[in-house]
Amino acid sequence: MFASSPEITSPPTVLVTGAAKRLGREIALKLAAQGWRVAVHYRDSVEEARATAEDCARLTTGAQAFRSNLGNETAVRNLLPTVIAAFGQVDAVVNCASTFEHDTTASFSFAVMEKHMRSNAGAAILISQALHTHIAQRSKKQPEVRGVVVNLLDQKLWNQTPDFVSYTLSKAALDAANAMLALALSPLVRVVGVAPVMGQHKPLLIGDRLAYRSASLPNQQNTDLDTTAAVLLALQDISISGTTLLVEEELPTDKPQAPAPVAVPFVPPARRHGRR
Ligand SMILES: NC(=O)c1ccc[n+]([C@@H]2O[C@H](COP(=O)([O-])OP(=O)(O)OC[C@H]3O[C@@H](n4cnc5c(N)ncnc54)[C@H](OP(=O)(O)O)[C@@H]3O)[C@@H](O)[C@H]2O)c1
């Protein structure tokens with residue numbers, strides 16, 4: 001299945017966490033269609049993960065499903081080495097898996113907060129770290145080799161509501177980790193956030209965040225397609241690191257909407273500074 005010298009001949013390989021269904025599946029399929037070999041991570045959705053891997057395999061040269069509970073540190077630490085053992089190399093990680101349980105400040109508990117923090121922030125940090133170790137190892141033979149991590153964030157960080165407290169805290173932690181990892185893992189591994197901004201029009205620039213809107217995508221109504229395009233952009237554009245692409249999306253609605261902002265060409269974002 002694998003070339004004898006994967007460093008030289010293999011197509012790039014990406015691990016997409018939470019890729020059995022929904023957005024993770026769309027990202028996996030998008031990357032497979034671009035020729036990436038895809039490691040489809042899942043936890044409980046066995047059949048869906050198998051289906052995603054099979055669908056990816058129809059588009060690219062390699063796809064396989066990998067099970068791991070990202071709330072368990074040992075399992076998290078084992079995940080990337082397992083994928084590397086299967087594919088020979090990993091070039092990118094998309095941290096998409098996410099615990100998403102409802103709570104409020106009234107129902108808040110340490111237990112629920114910890115559950116979200118583990119899978120949504122802690123796991124992403126450990127997997128990023130593992131990718132850096134792997135890329136550092138490969139770079140001894142191939143100095144030009146580089147890796148990239150994409151962290152799925154959430155527009156809720158910039159448009160607060162008083163619900164999903166633990167989830168939001170975990171995404172805020174991941175947002176902070178996104179910047180710290182970008183600094184810590186540079187220059188071998190770039191780290192980019194992608195935050196879907198759904199349901200309403202937002203300014204194209206929020207603080208120092210660049211909102212990315214692809215005028216070329218025909219289906220602006222599909223919430224997942226624009227995000228997958230942003231993930232692909234983050235993987236491909238070597239000038240982006242340490243910042244977050246805000247993906248403007250539109251949900252179908254009966255309510256009248258303001259005119260859509262004009263699409264702008266992509267410009268590499270300025271270095272982050274003092275958002276809060
Ligand atoms: N969908 C949206 O509207 C939206 C908006 C803003 C941001 N986002 C972000 O985009 C990403 C994808 O969103 P989504 O709605 O597609 O996600 P989702 O359906 O809520 O979750 C994706 C997957 O995460 C996995 N997961 C959850 N806890 C896990 C754990 N402890 N260990 C391993 N896997 C775990 C689950 O895998 P199994 O099913 O295999 O257990 C689940 O299928 C998330 O990071 C989310 O925060 C989504």
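**Notebook: helix packing and two buried glycines**

I began with a helix pair: H2 passes H3 in a right-handed crossing. I note here that the model is predicted. Helix H2 covers residues 22-33 and helix H3 covers residues 46-57. I looked up their axes, which come within 9 Å and cross at roughly 20°. That angle makes H2 roughly parallel to H3, because angles under 35 degrees count as such. I then listed who meets whom. From H2 I found Arg25, Ala28, Leu29 and Ala32, and facing them in H3 are Thr52, Asp55 and Cys56.

**Gly24**

I stayed in H2 for one residue, Gly24. Is Gly24 buried or exposed? Gly24 counts as buried, because I find 28 C-beta neighbours inside 10 Å; the cut-off is 20 or more. Next I checked a long-range pair. Gly24 and Val94 are 70 residues apart along the chain, yet their C-alpha atoms are separated by 8.6 Å. Setting aside neighbours within four places in sequence, I list Val16, Thr17, Gly18, Ala19, Cys96 and Ala97 as the contacts of Gly24.

**Whole chain**

I stepped back for the totals. The protein chain has seven helices and nine strands. Of its 276 residues, 43% are buried. I also looked at contacts with a separation of 6 or more: residues 24 or more positions apart account for 73% of them.

**H4**

My next stop was helix H4, residues 73-87. Its end C-alpha atoms are 22 Å apart, which agrees with the 21 Å that 15 residues should span at 1.5 Å a residue. I still found a bend in H4, about 30° at Leu79. A proline, Pro81, follows Leu79 within four residues. After H4 comes Gly88, and I read its phi as positive, near 90°.

Which residues of H4 are buried? I get Val76, Leu79, Leu80, Val83, Ile84 and Phe87. So Leu79 is both the bend site and a buried residue. I then asked what covers the buried residues of H4. The cover includes strand E1 (13-16), strand E2 (37-42), strand E3 (63-67) and H5.

**H4 against H5**

I went on to this second helix pair. H4 and H5 pack at an angle of about 40°, with their axes 9 Å apart. That makes H4 oblique to H5. H4 passes H5 in a right-handed crossing. On the H4 side I list Val76, Arg77, Leu79, Leu80 and Ile84 in the contact. On the H5 side I list Ala123, Leu126, Ile127, Ala130, Leu131 and His134.

I looked at H5 on its own as well. It runs over residues 110-139, 30 residues in total. From first C-alpha to last, H5 reaches 41 Å, close to the 44 Å expected. I found a bend of about 40° in H5 at Arg118.

**Gly147**

Last, I looked up Gly147. Where does Gly147 sit? Its place is in strand E5, residues 147-152. I count Gly147 as buried because 23 other C-beta atoms lie within 10 Å. Its C-alpha is separated by 5.0 Å from that of Asp91, though the two residues are 56 apart along the chain. Leaving out neighbours within four places in sequence, I find Gly147 in contact with Asp91, Ala92, Leu131, His132, Ile135, Leu188 and Val189. Leu131 of H5 turns up in my H4 contact list and again beside Gly147.

Note on methods: Residues are numbered from 1 along each chain as its sequence is written. This is a predicted model: local features need pLDDT of at least 70, side-chain atom pairs count only at pLDDT 80 or more; totals for chains, interfaces and linings use all residues. The expected span of a helix is 1.5 Å times one less than its number of residues. The bend at a residue is the angle between axes fitted to the seven residues ending there and the seven starting there. A residue is buried if 20 or more other C-beta atoms lie within 10 Å of its own, exposed if 12 or fewer, and partly exposed in between; C-beta atoms are placed from the backbone. Two residues are in contact if their C-beta atoms, placed from the backbone, lie within 7 Å. Axes are lines fitted to C-alpha atoms, for helices over the stretch in contact, and angles run from 0 to 180 degrees between N-to-C directions. Angles under 35 degrees count as roughly parallel, over 145 as roughly antiparallel, 65 to 115 as roughly perpendicular and the rest as oblique. A crossing is left-handed if the near helix is turned anticlockwise from the far one by less than a right angle, and right-handed if clockwise.
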